[in-house]
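Subject: Handover of a structure and summary of findings

Dear colleague,

Please find below the structure that I am handing over to you. I would be grateful if you kept it open while reading the notes that come after it.

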Amino acid sequence: MSDINKVIVTGRVTRNSELRQTPNGTSVTDVSVVSNRIWTKNGERQEEATFVDVTIWGKQAETLSPMLTKGRHVMVEGRMKLN
């Protein structure tokens with residue numbers, strides 16, 4: 001059985017993305033997404049924010065970069081890479 005590395009994150013973009021090119025000409029853009037979890041514990045509202053850095057490559061980067069503006073709600077599907 002092969003391993004599966006798949007993640008889906010929904011949340012809001014924290015800053016405008018900036019399209020750039022790698023030295024070999026591949027388009028790439030980075031964006032940060034915040035996903036908030038809200039719950040009630042002992043009658044008090046609790047909140048937790050999780051920040052996820054996302055890198056988009058190639059034609060998708062070119063197409064999506066202008067739309068990835070601060071506050072925009074997005075859903076991202078991809079693979080997770082931890083540094």
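The notes below go through the strands, two buried residues, the salt bridges and the main pocket. Please bear in mind throughout that this is a predicted model.

**The strands**

Strand E3 covers residues 27-41, and it is a convenient place to begin. Strand E1 (7-13) runs antiparallel to E3, and two bridges join them. One example is arginine 12, whose bridge partner in E3 is valine 34.

Strand E2, residues 18-21, is also antiparallel to E3, with four bridges between the two. Here glutamate 18 stands opposite aspartate 30. E2 and E3 form a hairpin, with five residues between the strands. In that turn, glycine 25 has a positive phi of about 95°.

Strand E4 (44-57) pairs with E3 in the antiparallel sense over 14 bridges. Lysine 41 and glutamate 44 in E4 stand opposite each other. This pair of strands forms a hairpin too, with two residues between E3 and E4.

Asparagine 42 lies in the loop between E3 and E4. The residue is not a glycine, yet its phi is positive, at about 55°. Is asparagine 42 buried or exposed? Its relative accessibility is 75%, so asparagine 42 counts as exposed.

**Two buried residues**

Serine 32 belongs to strand E3. Its relative accessibility is 5%, and therefore serine 32 counts as buried. Which residues is serine 32 in contact with, once its neighbours within four places in sequence are left aside? They are Arg12, Val13, Thr14, Arg15, Phe51, Val52 and Asp53.

Valine 9 is located in strand E1. With a relative accessible area of 16%, valine 9 falls under the 20% limit and so is buried. Not counting residues up to four places away in sequence, valine 9 touches Val33, Val52, Val74, Met75 and Val76. The C-alpha atoms of valine 9 and serine 35 are separated by 7.4 Å, although these residues are 26 apart along the chain.

**The salt bridges**

Side chains of opposite charge can pair when their charged atoms come close. How many salt bridges does a search of the whole structure find? The search finds five, and three of them are described here, one at a time.

In one of them, the side chains of glutamate 77 and lysine 6 meet at 3.1 Å, N to O. Because glutamate 77 lies in strand E5 and lysine 6 in the segment before E1, the pair ties together parts that are 71 residues apart in sequence. Glutamate 77 is exposed, with a relative accessible area of 52%, and lysine 6 counts as exposed at 55% relative accessibility.

Another salt bridge joins the side chains of aspartate 30 and arginine 20 at 2.8 Å, N to O. This pair links distant parts of the chain, with aspartate 30 in strand E3 and arginine 20 in strand E2, ten residues apart. Aspartate 30 is partly exposed, with a relative accessible area of 27%. Arginine 20 counts as partly exposed at 40% relative accessibility. Aspartate 30 is also the residue that glutamate 18 stands opposite.

A further salt bridge is formed by the side chains of lysine 59 and glutamate 62, at 3.8 Å, N to O. These two residues are three apart in helix H1, so they are separated by about one helical turn. Lysine 59 is exposed, with a relative accessible area of 62%, whereas glutamate 62 counts as partly exposed at 36% relative accessibility.

**The main pocket**

Rolling a probe the size of a water molecule over the atoms shows where empty space is left. The largest pocket has a volume of about 910 Å³. It is lined by 27 residues, and those closest to its centre are Asp53, Val54, Thr55, Val76 and Arg79.

Which elements each supply at least two residues of this lining? They are strands E1, E3 and E4, helix H1 (58-64) and strand E5 (73-78). By class, the lining has 17 nonpolar, five polar and five charged residues. Two residues named earlier return at this point: Asp53 is a contact of serine 32, and Val76 is touched by valine 9.

Yours sincerely,

A colleague

Technical notes: Residues are numbered from 1 along each chain as its sequence is written. This is a predicted model: local features need pLDDT of at least 70, side-chain atom pairs count only at pLDDT 80 or more; totals for chains, interfaces and linings use all residues. Side-chain values use heavy atoms; hydrogens and water are left out. On a 1 Å grid over the protein atoms alone, a cavity is a set of points where a 1.4 Å probe fits but cannot get out, and a pocket is an open set with protein on both sides within 12 Å along at least five of seven lines; lining residues have an atom within 4 Å of a point. Grid points are joined across faces, edges and corners, and a volume is the space filled by probe spheres set on the points. Ala, Val, Leu, Ile, Met, Phe, Trp, Tyr, Cys and Pro count as nonpolar, Asp, Glu, Lys and Arg as charged, and the others, Gly among them, as polar. Two strands pair if DSSP finds at least two bridges between them. Buried means under 20% relative accessible area, exposed over 50%, partly exposed in between (1.4 Å probe, protein chains only). Contact means heavy atoms within 4.5 Å. A salt bridge is a side-chain nitrogen of Lys or Arg within 4 Å of a carboxyl oxygen of Asp or Glu.
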